[in-house]
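The following exercises concern the domains of a protein chain and its salt bridges. Each task is followed by a worked solution.

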Amino acid sequence: MTPVLSVRDLSVRFRMRGGRHIAAVGGASFDLAAGECLALVGESGCGKSVLASALLGLLPGNAQTSGTAVIDGIDLLAADERTLARTVRGRRIGLVPQSPAAHLTPVRTVRAQLQETLRELSGTPRAELRAAAVAAAERAAFPPGLLDHYPHELSGGQAQRAATALALVGDAPLLLADEPTTGLDRDLVDRTADELRRHADGGRALLLITHDLAAAERIADRVAVMYAGRIVELTGATRFFGAPGPRHPYARGLLAALPERDFTPIEGMPPELGALPDGCAFAPRCDRADDACRAVPPLRDGVACHHAEEAARA
Ligand code: SF4
């Protein structure tokens, strides 16, 4: 079956002052099928949101991309801004943004924005707009009593739910949800995650970008772990969260850091993307690092680690 989204060797570099370059994403490859949820996880600054911005054509002017990312025959990395604005954003890719307050139009109420989106993307008749806006709000657990509020009158969590309600309108084949549960309490996290899952179950692909592993465990079919701009493990969610568990030492460390597991943080900090160590970028934090790790490990059989099998047996 043709995937909804096919990403091959996607790389993003930022050109900095003085001719320096920062490699924010390196060689990411994955497919995403209709009805499937792929969770892209990793610590802040690992490149998750840069990858999302590349798919949406929302990178700043000093970014350089290579590779391909194809949806409906359109290579998102090669498409011009007019194509992206008119036929991709909203129509082929829905977005739950990381910064909802910045994404919402500040001078229009949530109701006005929902009704406009319903008219534009779903062709909802004028007479049905009011009821449809209430239904869309309820899907995202946005209180209908706040529909006539402006974005600046909403809390962070309310703005997040308003942005989610807007993103769930329409029938874009891919929904990109970038930290959709930020600022929500646990009940609302679960409710939002379940609604995103239902959206995928309706035949859309869902790319969930999150640092919330509990939300990923709840709804993902597969998990991609990013570290220092690279996907270091790509595997099924059942294997990742259950037995035998992930094979990459960093992925194992992420799980071990959860309060409901070992509550043991990974020592050290992620490297600066502009000053990556030679070889495996995780080596300074990895207790399995040896001479072999002076070479960058390729992603092979779903994991990028020279000692993946020993780490998985530990
Ligand atoms: S390649 Fe080496 S340093 Fe990198 S994660 Fe694997 S064992 Fe650790």
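Domain bounds come from an automatic or database domain assignment. The model examined here is predicted.

**Exercise 1. Determine which residues belong to each domain and how far apart the domain centres lie.**

Step 1. Domain 1 comprises 5-92 + 172-265, and domain 2 comprises 104-170.

Step 2. Between the C-alpha centres of domain 1 and domain 2 the distance is 25 Å.

Step 3. To their contact, domain 1 contributes 16 residues and domain 2 contributes twelve residues.

**Exercise 2. Describe the area that domain 1 and domain 2 bury between them.**

Step 1. The size of an interface is often given as the accessible area lost when the parts come together.

Step 2. For domain 1 and domain 2 the buried area is about 1,100 Å², with 54% of it on carbon and sulfur atoms.

Step 3. On the side of domain 1, Arg91, Glu195 and His199 supply 35% of the area buried against domain 2, more than any other three residues.

**Exercise 3. Identify the polar links across the interface and the element that gives the most to the side of domain 1 that touches domain 2.**

Step 1. Two salt bridges are found across the interface of domain 1 and domain 2.

Step 2. Glutamate 195 forms a salt bridge with arginine 139, and their closest N and O atoms are 3.3 Å apart.

Step 3. Two residue pairs are in polar contact across the interface of domain 1 and domain 2.

Step 4. Helix 7 (residues 186-201) gives the most to the side of domain 1 that touches domain 2, namely six residues. The residues of that side divide into six nonpolar, five polar and five charged.

**Exercise 4. Explain which parts of the chain are tied together by the salt bridge of aspartate 72 and arginine 92.**

Step 1. The structure holds 20 salt bridges. In one of these, the side chains of aspartate 72 and arginine 92 meet at 2.8 Å, N to O.

Step 2. Aspartate 72 lies in the loop between strand 4 (63-71) and strand 5 (74-75), and arginine 92 lies in the loop between helix 2 (81-88) and strand 6 (93-96); the pair therefore ties together parts that are 20 residues apart in sequence.

Step 3. Aspartate 72 is exposed, at 54% relative accessible area, whereas arginine 92 is partly exposed, at 22%.

**Exercise 5. Locate the salt bridge of arginine 218 and aspartate 190, and name the network that includes these residues.**

Step 1. The side chains of arginine 218 and aspartate 190 form a salt bridge of 3.7 Å, N to O.

Step 2. Arginine 218 is in helix 8 (residues 213-219) and aspartate 190 in helix 7, so the pair links distant parts of the chain, 28 residues apart.

Step 3. Salt bridges link Arg186, Asp190, Asp194, Asp212 and Arg218 in a network.

How values were computed: Residues numbered from 1 in each chain as written. Predicted model: local features only at pLDDT ≥ 70, side-chain atom pairs only at ≥ 80, totals over all residues. Heavy atoms only, no water. Contact = heavy atoms within 4.5 Å. Buried area = accessible area lost by both parts, 1.4 Å probe. Salt bridge = Lys/Arg side-chain N within 4 Å of Asp/Glu carboxyl O. Polar contact = N/O pair within 3.5 Å; in protein donor to acceptor, adjacent residues only side chain to side chain. Helix = DSSP H or I, 4+ residues; strand = E, 2+ residues; numbered from the N terminus. Nonpolar A, V, L, I, M, F, W, Y, C, P; charged D, E, K, R; others polar. Buried < 20%, exposed > 50% of the residue type's maximum accessible area, 1.4 Å probe, protein only.
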